[in-house]
Amino acid sequence: MSSQLIALASLLLLFTFPSQSESDNLFCDGGTVPGEPTCGIKSSSSKILIKGGTVVNAHYQQIADVYVEDGIIVTVHPNIRVGDDVTVLDATGKYVMPGGIDPHTHLAMEFMGTETIDDFFSGQAAALAGGTTMHIDFVIPVDGSLTAGFESYEKKAKNSCMDYGFHMAITKWNEVVSEEMEVMVKEKGINSFKFFMAYKGSLMINDDLLLEGLKRCKSLGALAMVHAENGDAVFEGQKRMIELGITGPEGHALSRPAVLEGEATSRAIRLAKFVNTPLYVVHVMSIDAMEEIARARKSGQRVIGEPVVSGLALDDSWLWAPDFDTAAKYVMSPPIRASGHDKALQSALATGVLQLVGTDHCAFNSTQKAYGVDDFRKIPNGVNGIEERMHVVWDTMVEAGKISVTDYVRITSTECAKIFNIYPRKGAILVGSDADIIILNPNSSFEITASSHHSNLDTNVYEGRRGKGKVEVTISRGRIVWENDELKVASGSGKYIELPPFSYLYDGIDKADAQYLSSLQAPVKRSTSAS
């Protein structure tokens, strides 16, 4: 089946389309007729040689050439010689790295009465322009049904243009859901399930459901993920802000302070310890949550902490902007925190307390954000980041001297591939790995603007940000899709990547369970006294 898909992909036409500033973000889609003025037809060689670059993996780097054929890395070695039928890219003085893997996105997601503005095509095209070659999106069940949710997202992803995987959210609990979880793991390629501890009245689950979900994840070798905020307390905080007359975007941050993120993180960690199953905490936004993760990891518990770009690079001052449109675009949950949290999260990422970087790309335009102009509770929650992540992380962490180049590869690609059990197919520049590759020029500069990005979004929370370290080339499954600031992608050319269960996080779990049982010294055999 995989060979058939590769053959199909090789036959697809690759369309070139300009940046938003040149075409008002009108991308070619699956219905575009080849030859129309908005699209130019491009071809791409199946054989590529990247010469003279510094090849960077998560644990080492070397100056070498990389030869790619039919979407696979064939050779990594100095001074490779090839024929005239090979496309040659000069990477001298530049870094050759695995394409980024974004573990946390929401494309074409129905939420808060609307749908995110980026679908699988526009969101993935933006990702490729920013050096990300795979992402893992969250399937939302339909009326609690995992099967219906999966089928819905299969349809949503038909216009995809790069590799992607799925997580699955759990929003209710019964025997049907439990059985569907097994089907998702064994037949649909899903190895992670997300539990929302916030969004009371819609997605939120209680502790009883969370416990059942943790146990079921463990039995299937799947990774339990949590959105950690105390939803009941957030609901109370929202009511308090409204009673105080605080209805603007600043009320969003004030209603869900860091202490509520810390409390929920602590609770989820302790319940996971009780079940003895690995736990993944998504979008860690505060010192409070980070410290709970640090404490658990120090004790030996298997907890993964995922900060997102907005939490690493922004602070909440924008939520107090006098212009509603400006303030509202920064509304997300958990909220972007006060200055100081960002630096603490950067330090935690640099020292290994937090393991990888996502985006929580969940984009709503100005019109959608305006639904909450008189009530912050109605502002759709979410910010952009799928295109900006690789650049902002490089500038914030590597250029600033906080981490090494190899660490950059680890936190943007390799660790994600390992956690979700697709390494070394993904997340590495190794013989046999998929040819998902970027060429990053550390001496080139970037600037982020809404007028030049490739998302359908009309705003950008990183507007005007400049920095050093630019992705100049993106190669996706052996195809050059980003070069010379030109994007070349085809709707429908993306591929669903199945994620196997029982990643390295489960190594030794069974032994720990056996040790626990042997340590109980129970049940105690007692003699019954004669009556």
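Which residues does Val303 touch, not counting residues up to four places away in sequence? Keep that one in mind for the first exercise. One thing before starting: this is a predicted model.

**Exercise 1. Work out the surroundings of Val303.**

Step 1: place the residue. Val303 sits in strand β16, which covers residues 303-305.

Step 2: list its neighbours. Leaving out residues up to four places away in sequence, Val303 touches Ile269, Leu279, Val281, Ile293, Ala296, Arg297 and Gln355.

Step 3: check the exposure. The relative accessible area of Val303 is 0%, and buried means under 20%, so Val303 counts as buried.

Step 4: get a sense of distance. Take Ser152 as the other end of the ruler: Val303 and Ser152 are 151 residues apart in sequence, and their C-alpha atoms are 31 Å apart in space.

**Exercise 2. Classify the ring pairs around Phe166 and say what they link.**

Step 1: get the total. The model has 15 aromatic pairs.

Step 2: take Phe120 with Phe166. Their ring centres are 6.3 Å apart and their planes stand at 90 degrees, so this pair is edge-to-face; the cut-off to apply here is a plane angle over 60 degrees.

Step 3: locate both partners. Phe120 belongs to helix α3 (residues 120-129) and Phe166 to strand β12 (residues 163-170), so the pair ties together parts that are 46 residues apart in sequence. Phe120 and Phe166 are both buried.

Step 4: do it again with Tyr153. The ring centres of Tyr153 and Phe166 lie 6.0 Å apart with planes at 85 degrees, so this is an edge-to-face pair too. Here the link runs from helix α4 (residues 146-156), where Tyr153 sits, to Phe166 in β12, and the two residues are 13 apart in sequence. Tyr153 is buried, and so is Phe166.

Step 5: zoom out. Phe120, Phe150, Tyr153, Tyr164, Phe166 and Tyr496 make up one aromatic cluster.

Step 6: look for charges over rings. Lys156 lies over the face of Tyr153, 5.2 Å from the ring centre. Over at Phe138, Lys194 does the job, at 4.3 Å from the ring centre.

**Exercise 3. Decide whether each face of β12 is buried or exposed, then find the strands it pairs with.**

Step 1: count. In β12, 8 of its 8 residues are buried.

Step 2: sort by face. In a regular strand the side chains alternate between the two faces of the sheet. For β12, one side has Asp163, Gly165, His167 and Ala169, the other has Tyr164, Phe166, Met168 and Ile170, and every one of these is buried, leaving both faces covered.

Step 3: take one partner strand. β11 (residues 132-139) runs parallel to β12, with 6 bridges joining them. As a landmark, Met134 stands opposite Asp163 of β12.

Step 4: take another. β12 also pairs with strand β13 (residues 192-196), in the parallel sense and over 3 bridges. Ile170 has Phe195 in β13 as its bridge partner.

Step 5: trace the connection. From β12 the chain passes through helix α5 (residues 175-187) to β13, and this β-α-β crossover is right-handed.

**Exercise 4. Map the strand partners of β3.**

Step 1: start with burial. Strand β3 (residues 47-56) is mostly covered, with 7 of its 10 residues buried.

Step 2: find the antiparallel partner. β3 and β4 (residues 61-69) pair in the antiparallel sense through 8 bridges. A hairpin of 4 residues joins β3 to β4, and Ile50 stands opposite Val66 in β4.

Step 3: find the parallel partners. β6 (residues 87-90) runs parallel to β3 and is joined to β3 by 4 bridges, with Asp90 as the bridge partner of Lys51. β7 (residues 95-98) is parallel to β3 as well, over 2 bridges, and there Val96 is the bridge partner of Val55.

**Exercise 5. Test the whole chain against the compact-globule rule.**

Step 1: compare radii. For 531 residues, a compact globule would have a radius of gyration near 24 Å; the chain has 23 Å, so the two agree.

Step 2: add the box. Along the principal axes, the C-alpha atoms fill roughly 95 × 60 × 45 Å.

Step 3: check burial and contacts. Of the 531 residues, 59% count as buried. Among contacts between residues at least 6 apart in sequence, 76% join residues at least 24 apart.

Step 4: finish with the inventory. The chain has 17 helices and 20 strands.

Definitions and conventions
Residues numbered from 1 in each chain as written. Predicted model: local features only at pLDDT ≥ 70, side-chain atom pairs only at ≥ 80, totals over all residues. Heavy atoms only, no water. Phe/Tyr/Trp six-rings, centres within 6.5 Å; stacked < 30°, edge-to-face > 60°. Buried < 20%, exposed > 50% of the residue type's maximum accessible area, 1.4 Å probe, protein only. Lys NZ or Arg CZ within 6 Å of the ring centre and 35° of its normal. Pairing = 2+ DSSP bridges. Right-handed = clockwise from strand over helix to strand, strands pointing away. Rg over C-alpha atoms; globule rule 2.2 N^0.38 Å. Contact = heavy atoms within 4.5 Å.
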